[in-house]
Amino acid sequence: MAHYDLLAIGTGPAGQKAAVQAAKLGKKVGIIERKEVVGGVCINTGTIPSKSLREAVLYLSGFRQRSLYGAGYRLKHTITIEDLAFRANHVIKNEIQIVENQMARNHVDMLYGSASFVDPHRLEIRHSSGTAEHTADFIVIAVGTEPARPADVPFDDDRVIDTDGLLRLQRIPESIVIVGGGVIGTEYASILAALGVPVVLIDKRPRLLEFVDAEIIDALQRQMQEIGVTLYHNEEVSGIKTQADGLVHVSLQEAKAITATTLMYAVGRVGASDGLGLERVGLTADARGRLAVNEHFQTAVPHIYAAGDIIGFPALASTSMQQGRHAACHAFGQPDRTDTALLPYGIYSIPEISMVGRTEEELTLANVPFGVGIARYREIARGQLIGDDTGMLKLLFHRQTLEVLGVHAIGEGATELIHIGQAVMAYRGKIDYFIDTVFNYPTLAECYKVAALDGINRLPRPWPPHE
Ligand SMILES: Cc1cc2nc3c(=O)[nH]c(=O)nc-3n(C[C@H](O)[C@H](O)[C@H](O)COP(=O)(O)OP(=O)(O)OC[C@H]3O[C@@H](n4cnc5c(N)ncnc54)[C@H](O)[C@@H]3O)c2cc1C
Ligand SMILES: NC(=O)c1ccc[n+]([C@@H]2O[C@H](COP(=O)([O-])OP(=O)(O)OC[C@H]3O[C@@H](n4cnc5c(N)ncnc54)[C@H](O)[C@@H]3O)[C@@H](O)[C@H]2O)c1
């Protein structure tokens with residue numbers, strides 16, 4: 001048994017960053033992992049595998065080059081599951097090594113096994129060869145989530161799968177029905193469609209990703225339909241049967257039944273809090289297994305913190321890292337602050353979309369007078385060079401002060417491009433900045449200048465004072 005200043009449960013982004021931050025403060029730190037490998041959902045089953053799959057599909061299918069070389073352009077005509085797995089395995093292996101090295105360099109003890117509370121300062125770690133107990137002054141719960149598996153869905157991990165199951169398939173589906181048009185459903189639907197798989201995407205809401213700007217979602221939905229995604233909105237599944245011919249028969253509440261070789265459920269995720277022994281420390285998870293925390297990521301028991309997906313929204317690798325670091329800083333009395341107002345979103349659908357700040361819908365509801373400026377990739381030299389003629393960047397700004405209030409982008413590089421707007425917004429910059437600044441040419445960053453000029457040109461004259 002050992003005593004630690006801080007023990008983190010889980011080696012996903014939240015646990016890793018909590019552990020490293022505490023170690024950098026000179027503390028004795030251990031990190032516990034129940035799987036054989038470090039990295040959590042982020043490296044092993046979620047972010048990295050899905051983004052590797054996306055890159056592999058875009059590269060091998062020649063998708064990015066088709067607007068230049070024609071719809072028939074392909075780098076490889078028959079793409080196999082092995083081709084797709086090759087890239088993911090390579091990236092995952094390297095990412096795991098990076099995390100292991102980081103832990104070793106920072107003298108963070110790796111403790112393999114499943115952790116549960118014995119009392120508020122003591123954890124039991126159970127593994128195949130026995131159990132150990134360790135104590136800590138501070139504990140960070142960073143156990144993440146698992147796919148939700150509704151009880152009435154006949155999962156068989158072959159024809160009827162959850163979102164982790166997609167990455168374990170032995171063959172590329174001939175056709176797929178995806179239930180749930182959230183971030184995961186939308187990303188996988190467009191990736192599979194780009195590979196040539198016919199996809200039906202079903203969501204009970206009237207449109208995909210309701211938190212994203214409506215114009216951007218209209219453009220995304222249109223482009224997804226063009227590459228072979230059939231969208232069913234306001235729809236739910238009422239029955240699922242695997243037929244003798246191996247096809248999955250899916251009955252719907254409103255529309256006619258459909259069949260496909262594979263059905264994937266992507267209706268959200270639940271916190272992995274079962275088995276943590278929360279009752280022994282006086283904590284209770286909510287109905288989706290999540291824990292409540294304050295602004296410093298402390299649970300109701302002040303020396304026990306929770307960070308990452310286990311605390312729910314926004315449940316991103318990007319935010320999980322920051323939350324873990326923030327929790328460790330707070331535990332050891334270091335200044336801690338997270339700017340949540342300027343949280344960027346990057347959604348790796350095809351095309352990718354990204355946003356920071358407020359949407360038109362939010363500004364309208366809040367009665368903020370705003371202007372809109374749009375740049376389309378087809379008018380930008382870099383857009384022509386890379387063959388993306390459908391991308392766009394939209395700036396929202398205050399009509400009187402010209403302060404930038406939101407940036408919304410769709411198209412190649414959107415998830416990188418957004419950070420320029422985020423930085424300007426962090427310093428409460430105005431669209432003048434984009435108008436007066438020289439940008440490299442030809443770049444996608446030029447979109448900011450074009451959108452700012454478009455925005456100011458649309459305002460009635462005289463224009464607000466230009467500083
Ligand atoms: C398909 C998919 C795609 C995604 N794409 C993106 C993206 O593009 N960008 C983005 O920002 N986010 C993305 N995410 C979200 C991102 O993966 C998560 O937000 C992030 O992994 C959460 O980190 P975490 O540290 O909270 O937990 P996790 O990464 O879930 O790690 C938790 C770890 O805790 C371990 N654990 C659980 N219980 C115990 C226990 N009792 N004892 C010991 N260990 C335990 C688990 O084995 C796991 O290793 C995606 C998620 C999915 C599913
Ligand atoms: N690029 C990224 O940042 C990224 C990528 C993938 C996942 N993630 C994270 O992973 C988490 C989980 O994603 P998710 O897409 O599984 O969950 P989600 O909660 O984002 O979306 C679930 C969707 O399923 C729909 N739904 C729920 N029940 C349904 C039913 N019975 N029939 C039809 N539709 C139904 C909902 O309307 C919703 O649109 C998210 O919180 C997200 O932050 C992030």
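Q: Which helix supplies the largest share of the shell around ligand 2?
A: A ligand shell can be read by asking which elements contribute to it. In this predicted model, helix 7 gives the largest share of the shell around ligand 2, namely four residues. Helix 7 (183–194) and strand 18 (345–347) each supply at least two residues of that shell.

Q: How many residues lie around ligand 2, and which of them come nearest?
A: There are 24 residues around ligand 2, and those that come nearest are G180, G182, I184, G268 and A315. Sorted by class, the shell around ligand 2 has twelve nonpolar residues, together with six polar and six charged ones.

Q: Which domains does the protein have, and where does the shell around ligand 2 stand with respect to them?
A: The protein is divided into domain 1 (2–146 + 270–341), domain 2 (160–267) and domain 3 (351–457). The shell around ligand 2 draws at least three residues from domain 1 and at least three from domain 2. As for domain 3, its C-alpha centre lies 32 Å from that of domain 1.

Q: Which residues does the UniProt annotation "binding site" cover?
A: A record can be laid beside the model, residue by residue. The UniProt annotation "binding site", from an unreviewed entry, covers G180, G181, G182, V183, I184, G185, T186, E187 and G268. These residues span 89 residues in sequence, yet no two of their C-alpha atoms are more than 13.4 Å apart, so they gather at one spot. Among them, G181 is found in the loop between strand 9 and helix 7.

Q: What is the strand order of the open sheet of five strands, and which are its edge strands?
A: A sheet is read from one edge to the other, following the pairing and not the sequence. Here the five strands have the order 8-15-9-10-11, with parallel pairing. The edge strands are strand 8 (160–162) and strand 11 (229–232), each of which pairs on one side only. From one strand to the next, the twist averages 20°. In a regular strand the side chains alternate between the two faces of the sheet. Strand 10 (residues 199–202) and strand 11 pair in the parallel sense over four bridges, and I202 stands opposite Y232 in strand 11.

Q: Where does helix 7 lie with respect to the strands of this sheet?
A: Helix 7 lies across strand 9 (176–179), strand 10 and strand 11, and runs at about 165° to strand 10.

Q: What is the pairing in the sheet with the order 12-13-14?
A: This open sheet of three strands has antiparallel pairing, and its edge strands are strand 12 (237–242) and strand 14 (258–260). Strand 12 and strand 13 (residues 248–252) are joined by five bridges, with H249 in strand 13 as the bridge partner of K241.

Q: How many residues join strand 4 to strand 5 in the hairpin?
A: The hairpin joins the two strands through two residues. Strand 4 (residues 114–119) and strand 5 (residues 122–127) pair in the antiparallel sense over five bridges, and F117 stands opposite L123 in strand 5.

Q: Which residues are closest to ligand 1, and how many surround it?
A: Ligand 1 is surrounded by 38 residues, of which G10, G12, G40, G144 and G308 are the closest. The elements that give two or more residues to this shell include helix 1 (13–24), strand 4 and helix 9 (317–331). By class, the residues of the shell divide into 17 nonpolar, 16 polar and five charged.

Key: Residues are numbered from 1 along each chain as its sequence is written. Chains are lettered from A and ligands numbered from 1 in the order in which they are written. This is a predicted model: local features need pLDDT of at least 70, side-chain atom pairs count only at pLDDT 80 or more; totals for chains, interfaces and linings use all residues. A residue is near a molecule or strand if its C-beta atom, placed from the backbone, lies within 6 Å of it. Ala, Val, Leu, Ile, Met, Phe, Trp, Tyr, Cys and Pro count as nonpolar, Asp, Glu, Lys and Arg as charged, and the others, Gly among them, as polar. Domain bounds come from an automatic or database domain assignment. Two strands pair if DSSP finds at least two bridges between them. Axes are lines fitted to C-alpha atoms, for helices over the stretch in contact, and angles run from 0 to 180 degrees between N-to-C directions. Two residues are in contact if their C-beta atoms, placed from the backbone, lie within 7 Å. UniProt positions are given in the numbering used here, feature names are shortened, and annotations may be inferred rather than shown by experiment.
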